Amino acid sequence: MQAEGVLEGLDPEQRAVAEAVQGPVCVLAGAGTGKTRAITHRIAYATLTGVVSPQRVLAVTFTNRAAGELRGRLRGLGAPGVQARTFHAAALRQLSYFWPKVIGGDPPKILESKIPVVADAARTCRLSYGRTELRDLASEIEWAKVTQTRPEDYAAAVKLSGRKPPTDVVDVARVYAMYEQLRRERNLLDFEGMLELTVAVLTDHREVAAQVREQYRYFVVDEFQDVNPLQRLLLDAWLGDRDDLCVVGDPNQTIYSFTGASPDHLLDFTRDHPGAKVVKLVRDYRSTPQVVRLANGIIDQARSETSRRHKLELVAQRADGPEPLFHEYDDEVAEADDVARRARKLLDEGVLASEIAVLYRINAQSETYESALAAAGVPYVLRGAERFFERPAVREAVVRLRGAARAGADAETDGLGLILTVRHVLAGAGFTEEAPEGTGAAREKWESLAALAQLAEDMAADNPQAGLPDFVAELEERAAAQHAPTLEGVTLASLHSAKGLEWDAVFLVGLVEGTLPIIYADTPEQVEEERRLLYVGVTRAREHLGLSWALSRSPGGRRSRRPSRFLDGLTPKTATPTPARVERTKRQGRQGPQPCRVCGRPLMTAIERKLGRCEDCPVEMNEGLLLALKDWRTEISAEQRVPAYVVFTDATLQAIAERDPDTLEELAQIPGVGKVKLDKYGEAVLALSRDR
Ligand code: ATP
Ligand code: MG
């Protein structure tokens, strides 16, 4: 592409950014206004006009995915060869290059996780912690290192920042000091150490600094509102006394303060770089006026000093779209079921699965959505989190439950018995009745175990006679479905990991007090950060936006929750009908367990209920139909690029082959064949059935 062509896709302010090819530039702008677009075009324009050669440019961002996105966009603009990296990747590269020259000897090993060394440090200090506490300690040490707080200053720094330490401050400081000592003795380098060391080498070795500064002379940083003090130091070391730096960011999207980041670096940019050109962008190219109005409404209520000073009202550029939809549900299962149904509807209307996202506040919320989407036949991908059934806490709990089932732990139970037995086993894995105080790993683990306890309650409500073996079978079935590799799918992601991204349709779920703002957001600043998270979420949507919450956690529970305070005054007056409520009642209304269609005995396991008979009851099965169904499923899943289980699970195919349905009504009776699947595949299945 020619240089002038690069400028054509920009509005006048974005163009001003691109044309300001030299000197310090700061772009302060709201979500979706084209900040990322402006900087990629600026780099392309500068390289195409010969202001700087592509090899001398370093574009920095915060996640590998964002770095990949930058590289892709630059390539598309005819500026390949530009380095686009995360701070860590850039530091690691420089360090490994200079290590033999300036330090020599064995280079340190990079520590992927602090936890093993933190564990040793705690032991050396004669302190004993569980796995989750160790993880919280590791995060706390990370915060201290990012904010350049030494162990001896830790207690004072905690007090000053108003943060809640994971355990006694004196103990944290001792473990921190010991961690540093052990790390040095063992020649290990953590991520913060890597940045610190790179800064030190650049500061202490003039020839190294000269070489690095010769290599890179043109710097661009995206999402600068979330830069932390350590990254800032590194950036300053790269720059030296030069000022070819362009930063872009949005103070209203600061969502990483808890790890030590601060928007002050962005807001004080002109103080640090006098003469910087400041450009503000206000036109929102991403979202419809309906979405933009809501985003403006949320940020309008922001109470922090920073937000008040830097209120940027977004001006929508796109054509009208649908109004954002607000939905209230009785419980979380109903909420997830209905979101899955609405996602399905969008797919049927032609929206691509990869253009839909479900965003939540904490990763533990994903399980309900993983299940609901799998049940509705909607493929999904998880971003930035382990799949629910792959989390260590969940894996451990499932192993324990399986062991207990094998040992016959619930010989005498009824519906209540199942719930109690499961809770008892989970207690052995660390589950408590009340959620633990504070943030971090302990809380996350508790949420995961609580989700399992919840599943047991759901199962007991559906089938009061279900026992522990049924529950374990159900978990295994879910795990199998959710472990299946997914291809193109709906994105499930936390609000934090959605930064910088965009989708045609976004569902913001679980918007209740206690989840957003999160229960442990105590200080006004922490609450404001939660509000910004909602703003980030809303502004990810191009066109369709759904916001929802559930009044109780579990079906049949007390409807005592309140929608997020951030929605006050923004939710339309008219109550939103919740179709899921009706469906749910119907589902729950099914009295007692389903009987075996062969012998009439009540069905005990999830698989049996799906088959509609006891596993060992004799049945006639149309084997030819089963084979034909399996072939057909392989074809359909390949054609639709979805995993096979999304079309029908094995148990459902088997049940179809056994009953050999002649009509759509008969097919609809088979568990696993909901309305959506009936509409989609009903005729094809009946045709196969007729042929055999
Ligand atoms: P965020 O704050 O969420 O990171 P951003 O300010 O970086 O957002 P971009 O991702 O660069 O915004 O742009 C948002 C969307 O608007 C993108 O799809 C982009 O291609 C489009 N866009 C931006 N500027 C223009 C323009 N001048 N003309 C057409 N489309 C544009
Ligand atoms: Mg961006």
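**View 1. The residues around ligand 1 in this predicted model.** In this predicted model, the surroundings of ligand 1 comprise 19 residues, and those that come nearest are Lys 35, Thr 36, Gln 253, Glu 502 and Arg 540. Sorted by class, this shell holds nine polar and eight charged residues, together with two nonpolar ones. Helix α3, which spans residues 35-48, supplies three residues, the largest share of the shell. Seen by domain, at least three residues of the shell come from domain 1 (3-92 + 199-281), and at least three come from domain 3 (319-387 + 483-575).

**View 2. Polar atoms beside the oxygen atoms of ligand 1.** In the side chain of Lys 35, an N or O atom is placed 2.6 Å from an oxygen atom of ligand 1. The backbone takes part as well: a backbone N or O atom of Gly 32 lies 3.0 Å from an oxygen atom of the ligand, and a polar backbone atom of Gly 34 is 3.1 Å from an oxygen atom of ligand 1. Ligand 1 taken alone would expose 640 Å², and the protein buries 84% of that area.

**View 3. Domain 1 and domain 3.** The protein is divided into five parts, namely domain 1 (3-92 + 199-281), domain 2 (109-186), domain 3 (319-387 + 483-575), domain 4 (390-466) and domain 5 (606-691). Between domain 1 and domain 3, the C-alpha centres are 32 Å apart, and the contact takes 15 residues from domain 1 and 13 residues from domain 3.

**View 4. Two places to look at the backbone.** Leu 516 and Pro 517 are joined by a cis peptide bond, with omega at about 0°, and Pro 517 belongs to the loop between β15 and α23 (524-538). At the second place, Asn 187 has a positive phi of about 60°, although this residue is not a glycine; Asn 187 is found in the loop that runs between α9 (169-185) and β5 (188-189).

**View 5. Confidence along the protein.** The mean pLDDT of the protein is 85, and 90% of its residues reach 70 or more. Among the elements of the protein, strand β15 (residues 503-508) has the highest mean pLDDT, 98, whereas helix α24 (residues 579-589) has the lowest, 39. Over residues 577-592 the pLDDT is below 50, and this stretch has 20 contacts in the model beyond near neighbours in sequence. Where pLDDT is low, the predicted coordinates should not be read in detail.

Methods
Residues numbered from 1 in each chain as written. Chains lettered and ligands numbered in written order. Predicted model: local features only at pLDDT ≥ 70, side-chain atom pairs only at ≥ 80, totals over all residues. Heavy atoms only, no water. Near = heavy atom within 4 Å. Polar contact = N/O pair within 3.5 Å; in protein donor to acceptor, adjacent residues only side chain to side chain. Areas by Shrake-Rupley, 256 points an atom, 1.4 Å probe, with all protein chains shown as cover. Helix = DSSP H or I, 4+ residues; strand = E, 2+ residues; numbered from the N terminus. Nonpolar A, V, L, I, M, F, W, Y, C, P; charged D, E, K, R; others polar. Domains from an automatic or database assignment. pLDDT = per-residue confidence, 0-100. Contact = heavy atoms within 4.5 Å.
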